Amino acid sequence: MVNGRPTKEFVVGKGLRQGDPLSPFLFVLVTEGLTRLVRKSIVNGDYGGFAFNGRCKVDILQFVDDTLMVGEASWKQVWAIKTVLKAFELVSGLE
């Protein structure tokens, strides 16, 4: 309704674009969900990350728009990563 009268439907032609000041904040919110899924997989014992020198353990690294998931070379780790990514896809709508 515009000015109390019905109008034709309109298609939204603009959205969030690259360089928009809101983009980094939305990216952080979305990737926080991925990080939490990885942490939950670690708590469940499905995913383990990789230990350097037995002291420093790395499981997920994120910088700007890149994500790197690090783990031991095993099929269990591959299936855990696939499960986390599929859950992230279902929750966020991102493929």
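Let's start in helix 2, which covers residues 75-92. K86 and E89 sit three residues apart there, so about one helical turn separates them. Keep in mind that this is a predicted model. The side chains of K86 and E89 meet in a salt bridge, at 3.6 Å from N to O. How accessible are the two partners, K86 and E89? K86 is partly exposed, with a relative accessible area of 44%. E89 is partly exposed too, at 24%.

How many salt bridges does a search of the whole structure find? Three. You have just heard one of them, K86 with E89.

Next, helix 1, residues 23-43. Here E32 pairs with R36 in a salt bridge, 3.3 Å from N to O. These two are four residues apart in the helix, so the separation is again about one helical turn. E32 is partly exposed, with 36% relative accessible area. R36 has 58% relative accessibility. The cut-off for exposed is over 50%, so R36 counts as exposed.

Stay with helix 1 for R39. Which residue forms a salt bridge with R39? D59 does, and the closest N and O atoms are 2.5 Å apart. D59 lies in the loop between strand 2, residues 56-58, and strand 3, whereas R39 belongs to helix 1. So this pair ties together parts that are 20 residues apart in sequence.

Buried or exposed: what is D59? D59 is buried, with a relative accessible area of 13%. The limit for buried is under 20%, so 13% qualifies D59. Its partner R39 has 40% relative accessibility and counts as partly exposed.

Now follow the chain into strand 3, at residues 60-63. Strand 3 pairs with strand 4, residues 66-69. The sense is antiparallel, and the pairing runs over four bridges. What stands opposite Q62 in strand 4? That is T67. One general point for reading the strands: in a regular strand, side chains alternate between the two faces of the sheet.

Then the turn itself. Strand 3 and strand 4 make a hairpin with two residues between the strands. In that hairpin V64 takes a positive phi, near 50°.

To recap the salt bridges. K86 meets E89 in helix 2. E32 meets R36 in helix 1. D59, in the loop before strand 3, bridges to R39 in helix 1.

Note on methods:
Residues numbered from 1 in each chain as written. Predicted model: local features only at pLDDT ≥ 70, side-chain atom pairs only at ≥ 80, totals over all residues. Heavy atoms only, no water. Pairing = 2+ DSSP bridges. Salt bridge = Lys/Arg side-chain N within 4 Å of Asp/Glu carboxyl O. Buried < 20%, exposed > 50% of the residue type's maximum accessible area, 1.4 Å probe, protein only.
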